Structures are given as structure tokens and as C-alpha cells.
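I opened this notebook to keep track of what I looked up. The entries follow in the order I made them.

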Amino acid sequence: MKKNHIIISLIIMVSVTFMVYSGVINGEFQFDDEKGIVENIAIKEPGRSSYNGFFMSLLYSGRPVTDMTFALNYRFGRLDPMGYHLINILLHICVSVLVFLFIKKTIVLSCTRSPFTPGPIALTASFIFALHPLNTQAVSYISQRAEVLSALFYLSALLFLIKSVEQRLFLRKAFLYTVAVLSWILSTGAKMTAISLPFVMLVYDYYFLKERTFIDRIKLSGPLILGGIAFSAVYLFRLGASQEIGFSINDLSSSRYLLTQFKVIITYIRLLFLPVLQNLDYEYPVSRGLFEIRTALSMLAVSAIIGLAVILRHRSGLISFGVLWFFLTLAPTSSIIPVRDVIFEHRVYLPSIGLILSAAFILMNVSYLLLSKYGQKIRNAATAVVIVAVIAALAATTWKRNEVWKSRQALWSDVVSKSPGKSRAHFNLGHALLEKGLYAGAIRELETALKCRDDGSVDKADIYRELGAVLFRMGRIDEAITVYREGLSFSPAHTGLLNNFTIALLEKGGIDEAFVYADMALKTAPFNGDIHNSMGEIYFRKGEYSKAAGHFIKAIELNPDIPLRYWNAAISMEKLGNIREAYKYMNLYISIEKNEADRNEALIYMENLKNNLDRK
């Protein structure tokens, strides 16, 4: 292919990818976006983080680079999801271009015999990667920007490492190697799974950078491997007694997790080649032992695939490396380190590049060979038709899959239809219906969530909290109080339950009892803005306006994106006679309140405040 043809093809890829993902740009925050973005004070006021140094953040939160990009999003667009989605899509496009560059370079280095030059194969692979529906979870789910960012720096690091090997001048070699290491650090700063890069580079070196001694190979990858192992050990130690990842998950041992991952890996491979029945939250059975039929067959299949890849090393290094890439980059989440959720589609974002490389190479060459009795022009044209058909099918499937990412209700309705026995699916659908004001449906889903098997995916107390919130919104205060009491009977220190119970008691006029539970909640979670807001309301009703204002202001500091807290602070300040401060907080309320009627009411209130200020 000529250079201008490649550039035109890449422009088409960028345009089509953006078009396919454009439908989700106005989509809502989903799932962990609430905790990772909406409630994350670290992205709103980064300087207030107790571990705001890069490496300390890496050890404690695991994703300082990702959080930094969220902080920039917040700085320029606050909590408007559009900006977050737009950046995710643009980052995915950048990764897709890097996939083209990396694969093209790899094919050149492999010296693989093929009727096609490296350009068309690399373009085919990058098109498939850019438009594959399995990647929608990494791109359309804002929190999984971590996967996309990590892949961006991961591929950059590999390209710099390869370039450093090709350089003869020491200074250039050292400079490129340093840039590669920095890119790798940024990759791990986006997501810790990038720790696999040194091992991938060692294999890449062995496969494609042939004119090198074993010592030279170790000089390149050895320090990175040792550094990666040391850092991983410290990171796992920092996790301590985490019940989400690490060796401390009581009901999920390393052996059971590993056995389960054989099944999970086969599911990932199936989704790559047949992307149907995708699901955000799988109801996936954990393996109980090696002799379960599905587990045993999956283990044999995985072993056979890896064995075949090793055997193919000398016959087709490109295909062999692609398969090994898949397993090596997947190892951090699919090996012996237990993760509470045993399967998530976004984990295949980076690993998929390897199998896509192998598949694209096989697809093009097999199509060409099957048409061997025809002339070269016909064979090229027919192969192009096959490739375009595959890419068009993937693009259409991705467009369709993105429909469910537009709203919480659509997403969790899809999950419930595919994971009907999973409590978290019903819980999140219930929450989505509550937000839409569909209370009957919300109650149905939340009651179903309580009846589901307790699989650890959602705290039962959270379900009671949400169920009580629905009843409260419906005006059924006594029933809400009963639900809250039931939830607190087995989870007496649950912050959300305590706060909601406080609000319900206030609604019934039980100020003294509400104060008792609010005080309990505040001792449990002193940095929870909701509790400070509730405590402020209690003091306001008691006529202790100074204490009320203090709690409202603290609530604003902890989460500056909730308009009602500014309103509360304003009326407290007015009661204290501090009109200037009241005016300031009401002005801030107007700046973030989106409801036009509420804004107009606030403007009238501000006008009255201004008149009072003028008279003074």
C-alpha cells in the first residue's frame, strides 16, 4: 500500500469509530462511575488527597493517571458525562492507531511470508480492534478509561523499547529506553495490570529481535521484570484485608479462582470470535474443583491453545506471539490473584490485540488461498470484500451494543435479562427505576434482589437502604422507617441506612431520635457529606443556625456538586444575619442547579437578599 492510501484508510477508521461510538456521548454515568467520579473528592480537589504523590497514590488508589484525567474533565466540565465520554472515545481512537503502528512494525520484524504487505494486515487488525463490540465496556463505561489509558501507554512503551534496540548510538538508545520506562510507569499508573509489559517485551525480543544475545535480552527486560515484581508485591501487601482483590477474600481461594479463570478465558475467546450475549455483570459460577466437566474441558482447551502457540513458534511466529500476548497480558486478572468479580469484559481490551493480530493474519491469508484459482486482482478484491464485511458486521454490532450504555435503566434491564439470579443486577435496576420515578418497578426489583442468593456482589444493607428510599419518595414514611429498622438490625453501623433513617425520622418530626442516629452515623463516617447535611438540617430545626451552617458548609466541601447544600447554607447564613454569605451561597446554588424553576426561585430569593443588603 502507498503511504497516502494508509493515511486515508486510517482517517476512515477514525471517522467510522467515532460515528459508531457517537450515540453514547450523551450517555449517563454508570455503575462504578458514581464512586469513581461523582463522589470522588480526589478528582474534584486533588490537592486534598492524603496521598497526592504519584507513587503513594499508585500504592493506595492504584490509578493516579486515570484520576488525573478525570480531574481535568471535572475542571472543565464538572459532572457533565458528555466530556468524559468524548475523551474515552478519542483515547480509544488513539489506541487503535497505535495498534496499527505496533502490528505493522511487528510484521516487518517477523519477516513472515504472506501475499500481503504489512500495511493491509495491520490496517485490518486495527479496524477490527477499533470496532469490536467487546471493547464497548472499556470505552463506553467511563470508569474503564483506566483500561484504555493503560493500553495507550503500554503500546507506546513497547514501540519505544523496540526503537531503542534498533538504535546504535548510546545516547539515543538510552533516551528511548528512558521514555519507554516512563511510558510503562504511566501505564501502570492508569491501571496496575500493565505490570505484564516486561514479560511481553522479553517474549517479543525472543521472537522478533533476533540478532541479540541472551544477556542483551535480559539487560533490556530484566530490570523492568525485577522492578515490576517488587512493586506488585508491595501493592498486594498494601491491599491488606481487601475483600475485592488479593489473597484475603474469604470465600475465593487462589486455586478456585485459577480454575474458574480457565472457563472465563474460554468465554473471552468466544466473545472475541462470536460477540453475542455480552453482559456487564455475569452470573458466573465459581469452580469448585478440577473434576467439574466444564472446568476440566476449559483447562484442556487453554492448555492446547498455549501448546499450539509454542509449537507454531518456528512455523508462524506472528500467530504464536499473538496468542501468547493474549495470555500474558490477561495474566494479572486471570491467574492466581483472586478478584471478587471473576469476569469483566473490559479486562480483554489490551489482551484482545494479540488474538486480533493472529485472526486478521489468518483471515486475510486463508481468504486469499481459497481463491487461488483466480487472478491476483480478483483475489485481492474478494479478500477485501470479506474483510469489509467482517468490519461492517462488527461496527453494526458495536452500534447496537452501545444502545444499552446510554442509560442506567437500559443497561441494567439488559443485565437482569441475562443474569436473572444476580442480586446486584436487580439492585442497580431498582436504583435506576427509582431515579426515573418508576417506584412500583423499583420496589419489585429491590424485593427480588433481597430474595436472590447472597453472592457478595451487593451489600444487603444497601438494598434495604434503597428500598426504604423508594417508600420514602412515595410518601410511605412509616413503611420506610420499618424497612430501615430491619436493615439496621443486622447492619447497625451502615452509614447509608443510618443517614436515610435520620431523614425519615426528621420527616416524622422525631428530631431528638434523628439526632441520635445522625450522631452515630457521623462517628462511623466523619467525612460523609450526606451525614453532615442531615446533621445540619437537625440543628436548623432546633434553631441552632451556627452549627447548622457549619455542617452544611462541611457537606459542600466534601461534595461540591449537590445544589441543595448551597441552598441550605444560604438560608442558615440568612438566619444568622450574614446576608453577604447567604448571597454568595445562593449564587453558587444557581451556578450548578439545572432545574429552571428552582433557579428562578433562587433568583427571587437573591433579589430579596440584595434588597436587604442595600437597606443595611
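Entry 1, disulfides. I looked for disulfides and the structure holds zero of them. I noted for myself that a disulfide is a covalent bond joining the sulfur atoms of two cysteines. I keep in mind that this is a predicted model.

Entry 2, two cysteines. I asked whether C94 is buried, partly exposed or exposed. C94 is partly exposed, because its relative accessible area is 40%, and partly exposed covers the range between 20% and 50%. I then looked up C452, which has 15% relative accessibility and so counts as buried, the cut-off being under 20%.

Entry 3, secondary structure and overall form. I looked up the helices and strands: the chain has 29 helices and zero strands. The radius of gyration of the chain is 28 Å, close to the 25 Å that the globule rule gives for 616 residues, so the chain is as compact as a globular protein of that length. I also noted the box filled by the C-alpha atoms, which is roughly 90 × 60 × 50 Å along the principal axes.

Entry 4, burial and contacts. I found that 53% of the 616 residues in the chain are buried. Of the contacts with a separation of 6 or more, 71% join residues 24 or more positions apart.

Entry 5, surface and charge. I looked up the accessible surface of the chain, which is about 28,100 Å². Carbon and sulfur atoms account for 63% of that surface. For charge, I wrote down 65 positive and 50 negative side chains. The centres of these two sets lie 13 Å apart.

How values were computed:
Residues are numbered from 1 along each chain as its sequence is written. This is a predicted model: local features need pLDDT of at least 70, side-chain atom pairs count only at pLDDT 80 or more; totals for chains, interfaces and linings use all residues. Side-chain values use heavy atoms; hydrogens and water are left out. Helices (H or I, at least four residues) and strands (E, at least two) are DSSP runs, numbered from the N terminus. The radius of gyration is taken over C-alpha atoms; the globule rule is 2.2 Å times the number of residues to the power 0.38. Buried means under 20% relative accessible area, exposed over 50%, partly exposed in between (1.4 Å probe, protein chains only). Contact means heavy atoms within 4.5 Å. Accessible areas come from the Shrake-Rupley method with a 1.4 Å probe; for residues, only the protein chains shown count as cover. Lys and Arg count as positive and Asp and Glu as negative; His and the chain ends are not counted. The place of a charge is taken as NZ of Lys, CZ of Arg, CG of Asp or CD of Glu. A disulfide is a pair of cysteine sulfur atoms within 2.5 Å.
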